[in-house]
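The following exercises concern strand pairing, helix packing, burial and salt bridges. Each task is followed by a solution in steps.

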Amino acid sequence: MLAAQRKALILDEVSLAGARKITDLATSLGVSEVTIRRDVEALAEQGLVDKVHGGVTANSLSSTVEPPFAFNSLKEQNAKDSMAQLAADMVKPGHAIALMGGSSVYALAKRLRDVPSITIVTNSVPVSDFFAQHPRADQTVVLTGGVRTPTDSLVGNIATEVFARFNLDLVFMGTHGMDTDFGFSSPNLVEADTNREVIRRAVKLVVLADHTKWGARGFTSFAELADADTVITTSGIDKEALAELRKQVGVVLLAND
């Protein structure tokens, strides 16, 4: 198992349980306690967890901390692929779309490689890199400028100025969390501002958020649940949460976990 995969699993377990012992993590991941301690120290240095005697706890500042793209891309991979397929079915030749940052939208980007005659505007460096490595003559890809976040997204005034120049059919966006009262949120204040501007420029907003995002709140909200035209989530979502989504959002699509 790669170090990045171990760290992603540690983040998953700690976020779900709130705290885990080093010994328990070593057993569940099948590695030595020394290895787990080294991983925990690296995560703590990045501000993603808090180190305590004999264990690790969820970071008290988690609402303002963004896990790096490399970690997020290893979490809930099957769910992201399933959501990406449902999202890809919405994109037709001739569409102008925005692909925002994050690992869920990156999974979608990989499925759009063979869609002809589309224009893609993105603030995601990984998304831009993917299309640069797999170019098509009938696709146009525009990468915004801006300040780079831990999730490899470009945000800020330059990014919003670029998005302001376009009329977009669809914007596909991930989220740190989704909540009945707080809506869709981000740990990054500037990223939230950028998201709001992009939403204004699109005919339809599509949010990709697996079931683990329900009830989570980032530092700042960038949209209400009702602002989304479509939410693509996964079948593991709580029944009450699903009912709330369907009450507020026009279309809710369920992908397999």
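Two strands count as paired if DSSP finds at least two bridges between them. The structure is a predicted model.

**Exercise 1.** Determine which strands form the open sheet that contains E10, and which residue stands opposite Met178.

*Solution.*
Step 1. The sheet is open and consists of 3 strands in the order E10-E11-E13, with antiparallel pairing.
Step 2. Strand E10 (177-179) and strand E13 (220-223) are the edge strands, since each pairs on one side only.
Step 3. From one strand to the next, the twist averages 40 degrees.
Step 4. Between E10 and strand E11 (residues 183-186) there are 3 bridges; at least two are required for pairing.
Step 5. Within this antiparallel pair, the residue opposite Met178 is Phe184 in E11.
Step 6. Helix H9 (residues 189-200) lies across E11 and E13, and its direction makes about 10 degrees with E13.

**Exercise 2.** Describe the open sheet with the order E1-E3-E2 and the helices that contact its strands.

*Solution.*
Step 1. This open sheet also has its 3 strands paired in the antiparallel sense.
Step 2. Its edges are strand E1 (19-21) and strand E2 (49-52), each of which pairs on one side only.
Step 3. Neighbouring strands are turned against each other by 20 degrees on average, direction ignored.
Step 4. E2 pairs with strand E3 (residues 55-58) over 4 bridges, and Val49 stands opposite Ala58 in E3.
Step 5. Helix H2 (residues 22-29) packs on the sheet and touches E1 and E3, at about 80 degrees to the direction of E1.
Step 6. Helix H3 (residues 33-45) lies across E2 and E3 and runs at about 130 degrees to E2.

**Exercise 3.** Classify Ala159 as buried or exposed, and identify its surroundings.

*Solution.*
Step 1. Ala159 belongs to helix H8 (residues 157-163).
Step 2. The relative accessibility of Ala159 is 0%, so the residue counts as buried; the cut-off for this class is under 20%.
Step 3. Leaving aside residues up to four places away in sequence, Ala159 touches Thr144, Gly145, Leu154 and Thr194.
Step 4. Gly146 is 13 residues from Ala159 in sequence, yet the C-alpha atoms of the two are 5.2 Å apart.

**Exercise 4.** State how many salt bridges the whole structure has, and analyse the pairs Arg217 with Asp179 and Glu197 with Arg200.

*Solution.*
Step 1. The search of the whole structure yields 10 salt bridges. One of them joins the side chains of Arg148 and Asp152, at 3.2 Å from N to O.
Step 2. In the pair of Arg217 and Asp179, the closest N and O atoms are 3.0 Å apart.
Step 3. This pair links distant parts of the chain: Arg217 lies in the loop between strand E12 (202-208) and E13, whereas Asp179 is in strand E10, 38 residues apart.
Step 4. Arg217 has a relative accessible area of 41% and is therefore partly exposed, while Asp179, at 11%, is buried.
Step 5. The side chains of Glu197 and Arg200 meet at 2.8 Å, N to O. Both residues lie in helix H9, 3 residues apart, which is about one turn of the helix.
Step 6. Glu197 is buried because its relative accessible area is 16%, whereas Arg200 is exposed at 59%.
Step 7. Glu197 and Arg200 also belong to a network of salt bridges that includes Arg201.

Notes
Residues are numbered from 1 along each chain as its sequence is written. This is a predicted model: local features need pLDDT of at least 70, side-chain atom pairs count only at pLDDT 80 or more; totals for chains, interfaces and linings use all residues. Side-chain values use heavy atoms; hydrogens and water are left out. Helices (H or I, at least four residues) and strands (E, at least two) are DSSP runs, numbered from the N terminus. Axes are lines fitted to C-alpha atoms, for helices over the stretch in contact, and angles run from 0 to 180 degrees between N-to-C directions. Contact means heavy atoms within 4.5 Å. Buried means under 20% relative accessible area, exposed over 50%, partly exposed in between (1.4 Å probe, protein chains only). A salt bridge is a side-chain nitrogen of Lys or Arg within 4 Å of a carboxyl oxygen of Asp or Glu.
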